Amino acid sequence: MSKTTFVAEPGKQEIKMSRVFNAPLDLVWKVWTDPNQIPNWWGPEYLTTEVRTMDVRTGGQWNIMQRDPDGNEHGFRGVYHTVDSKKYIVDTFEYAGVPGHVILQSATFEDLGDTTKISTLAVFQSVEDRNAMQAAGMEAGTLESWNRFAAIVEN
């Protein structure tokens, strides 16, 4: 299994992640952008994920609701600023629990033949916002999500 890199340099407003998946680009892109697949890999497994909106196109929007075992809801939303099929996506990410703290994120998909590399960049409004997201468990949540994603595309 490939390892996810997670880089959050002290004093910077960004987090970089990357991973090579043992799957072709077509499959990786399909699973990443298919609203029916998102509940199978997005976020920690103990949460139930509901895709309310996911219009993967430039100018489209996305809205995802997650529920924990106690019924607490956690909403996330964003706007797709640029979608270039099977190459990259630029969108925003906002957690409803902390409105107004918007992250600009990009995901680049690199076709390596039988494998595909995804590289992401999340740019926060401030170093404090970035640090707060890390403290809230972003790294562990992302690693679990990407492991769940790999289990789908690599099998």
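Reader: At 14% relative accessibility, does D34 count as buried or exposed?
Author: This is a predicted model, so take every value here as computed from it. Buried means under 20% relative accessible area. D34 has 14%, so D34 counts as buried.

Reader: Which residue forms a salt bridge with D34?
Author: Side chains of opposite charge can pair when their charged atoms come close. For D34, the closest N and O atoms of the pair are 3.3 Å apart. The partner counts as partly exposed at 46% relative accessibility, and that partner is K30.

Reader: And E94, which residue does its side chain meet in a salt bridge?
Author: The N to O distance in this pair is 3.2 Å. It links distant parts of the chain, with E94 in strand β6 and the partner in strand β5, 17 residues apart. E94 counts as buried at 12% relative accessibility, while the partner is partly exposed at 45%. The partner's name is R77.

Reader: Which residues are joined into one network by salt bridges that share partners?
Author: Start with one pair: R52 forms a salt bridge with E50, and their closest N and O atoms are 3.5 Å apart. R52 is partly exposed, with a relative accessible area of 43%, and E50 is partly exposed too, at 31%. Through shared partners the network takes in E50, R52, R67 and E73.

Reader: How many salt bridges does the structure hold?
Author: You've met a few of them already, including D34 with K30 and E94 with R77. The total for the structure is nine.

Reader: Okay, on to the sheet. Which strands stand at the edges?
Author: The sheet is open and has eight strands, in the order β1-β2-β8-β7-β6-β5-β4-β3, with antiparallel pairing. An edge strand has a single partner strand, so one side of it is left without a neighbour in the sheet. That describes β1 and β3.

Reader: By how many degrees are neighbouring strands of this sheet turned against each other on average?
Author: The strands in question follow the order β1-β2-β8-β7-β6-β5-β4-β3. Ignoring direction, the average turn between neighbours is 20 degrees.

Reader: What angle does the direction of α1 make with that of β7?
Author: α1 packs on the sheet and touches β2, β3, β5, β6, β7 and β8. Its direction and that of β7 make an angle of about 155 degrees.

Reader: Which strands does α3 touch as it packs on the sheet?
Author: The direction of α3 makes about 20 degrees with that of β2, so you'd look for β2 in the list. The strands touched by α3 are β1, β2 and β8.

Reader: In the hairpin of β5 and β6, which residue takes a positive phi near 65 degrees?
Author: Six bridges join these antiparallel strands, and D84 has Y88 as its bridge partner in β6. Three residues lie between the strands. The one you want is not a glycine, and at 32% relative accessibility it counts as partly exposed. It's K86.

Reader: What about the hairpin of β1 and β2: which residue in the turn has a positive phi?
Author: β1 and β2 pair in the antiparallel sense over three bridges, with V7 partnered by K16 in β2. Six residues lie between the two strands. The phi is about 80 degrees, and the residue is G11.

Reader: At 2% relative accessibility, R19 sits in β2; which side chain does its own side chain make a polar contact with?
Author: R19 lies in strand β2 and counts as buried. Its side chain reaches the backbone oxygen of S2 at 3.2 Å. The side-chain to side-chain contact you ask about is 3.0 Å, and the partner is T4.

Reader: Which residues touch the most other members of the largest nonpolar core?
Author: The core has 32 residues. Elements giving two or more residues to it include β2, α1, β8 and α3. One of the residues you're after, I118, is in contact with others on the list, among them F21, V28, W32, F109 and F149. The full set is F21, V28, W32, W42, F109, I118 and F149.

Note on methods: Residues numbered from 1 in each chain as written. Predicted model: local features only at pLDDT ≥ 70, side-chain atom pairs only at ≥ 80, totals over all residues. Heavy atoms only, no water. Helix = DSSP H or I, 4+ residues; strand = E, 2+ residues; numbered from the N terminus. Buried < 20%, exposed > 50% of the residue type's maximum accessible area, 1.4 Å probe, protein only. Polar contact = N/O pair within 3.5 Å; in protein donor to acceptor, adjacent residues only side chain to side chain. Pairing = 2+ DSSP bridges. Core = buried A, V, L, I, M, F, W, Y, C linked by side-chain atoms within 4.5 Å. Contact = heavy atoms within 4.5 Å. Axes fitted to C-alpha atoms, helices over the stretch in contact; angles between N-to-C directions. Salt bridge = Lys/Arg side-chain N within 4 Å of Asp/Glu carboxyl O. Lists of a residue's contacts leave out its neighbours within four places in sequence.
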